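Student: Could you take me through one part of this structure closely? I would like to look at a single pocket and the side chains around it.

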Amino acid sequence: IAAVREAFEESGILLARHKENRGAEAPLVGSDIAERLSPHRAAIDRRDESFLALMAQHDLVLALDSLVHFGHWITPTMMPKRFDTHFYLAATPPGQVAEQDGRETTEAVWLGPQQALDMEAAETATIIFPTRMNLGKLAETPNTAAALERFATEKVVTVLPVVGKDEDGAPRLHIPDE
């Protein structure tokens with residue numbers, strides 16, 4: 001539920017169905033509904049308004065089945081601020097277009113995973129380590145459908161980087177080979 005709420009808050013993408021159209025094969029809501037509810041994004045982000053109450057008011061149910069659990073990263077133990085983050089994949093509902101919220105996301109662009117990695121290699125983009133690793137994993141698939149199919153069946157490995165040393169004795173973070 002948090003993943004669907006965050007996608008809506010930060011990008012305006014709404015993974016939901018009309019209440020009368022429950023079920024995995026039922027279509028997701030289109031841009032008309034996402035745009036109509038978009039003015040509520042900031043209030044939901046501030047916790048002034050309930051996301052689930054908004055869904056109920058508009059006879060919508062969350063399309064939790066559209067999410068594929070893709071990754072699980074935990075911040076190294078030596079960090080002063082730690083996160084335990086799960087990553088999900090979902091196809092964007094037809095017609096919906098992402099629009100940044102201006103607070104947590106300040107730029108919205110559609111890029112393929114390899115294009116983003118190439119931009120970082122060319123030093124025209126900065127990508128944090130977990131995102132870079134997730135993009136590398138995604139770049140192994142040719143398109144959204146293939147990524148959803150592949151990662152729906154793969155085990156999610158919890159990644160907790162551990163401080164160690166490289167072959168020259170320099171400090172280095174190590175992650176599981178998987």
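Tutor: Let's start with strand E3 (68-74), which gives the most to the lining of the second largest pocket, with 4 residues. Helix H6 (129-138) is the other element that gives two or more residues to this lining. Helices (H or I, at least four residues) and strands (E, at least two) are DSSP runs, numbered from the N terminus. Please keep in mind that this is a predicted model, where local features need pLDDT of at least 70 and side-chain atom pairs count only at pLDDT 80 or more, while totals for chains, interfaces and linings use all residues. Residues are numbered from 1 along each chain as its sequence is written, and side-chain values use heavy atoms, with hydrogens and water left out.

The second largest pocket holds about 310 Å³ of space. A pocket here is an open set of points on a 1 Å grid over the protein atoms alone, where a 1.4 Å probe fits, with protein on both sides within 12 Å along at least five of seven lines; lining residues have an atom within 4 Å of a point. The volume is the space filled by probe spheres set on the points, which are joined across faces, edges and corners. There are 16 lining residues, and the closest to the centre are Asn-134, Lys-137, Val-157, Val-159 and Glu-178. By class, the lining has 7 nonpolar, 3 polar and 6 charged residues (Ala, Val, Leu, Ile, Met, Phe, Trp, Tyr, Cys and Pro count as nonpolar, Asp, Glu, Lys and Arg as charged, and the others, Gly among them, as polar).

Now follow Lys-137 a little further: it lies over the face of Phe-70, at 4.4 Å from the ring centre. A charge sits over a ring if NZ of Lys or CZ of Arg is within 6 Å of the ring centre and within 35 degrees of the ring normal.

The structure also holds 3 aromatic pairs (rings of Phe, Tyr and Trp, its six-membered ring, with centres within 6.5 Å; planes under 30 degrees apart count as stacked, over 60 as edge-to-face and the rest as tilted). One of them is tilted: Phe-8 and Phe-51, 5.8 Å centre to centre with 35° between the planes. Another joins Trp-73 and Phe-129, whose centres are 5.8 Å apart and whose planes meet at 80°, so this pair is edge-to-face. Because Trp-73 lies in strand E3 and Phe-129 in helix H6, the pair ties together parts that are 56 residues apart in sequence. Trp-73 is buried, with a relative accessible area of 8%, whereas Phe-129 is partly exposed at 29% (buried means under 20%, exposed over 50%, partly exposed in between, with a 1.4 Å probe and protein chains only).
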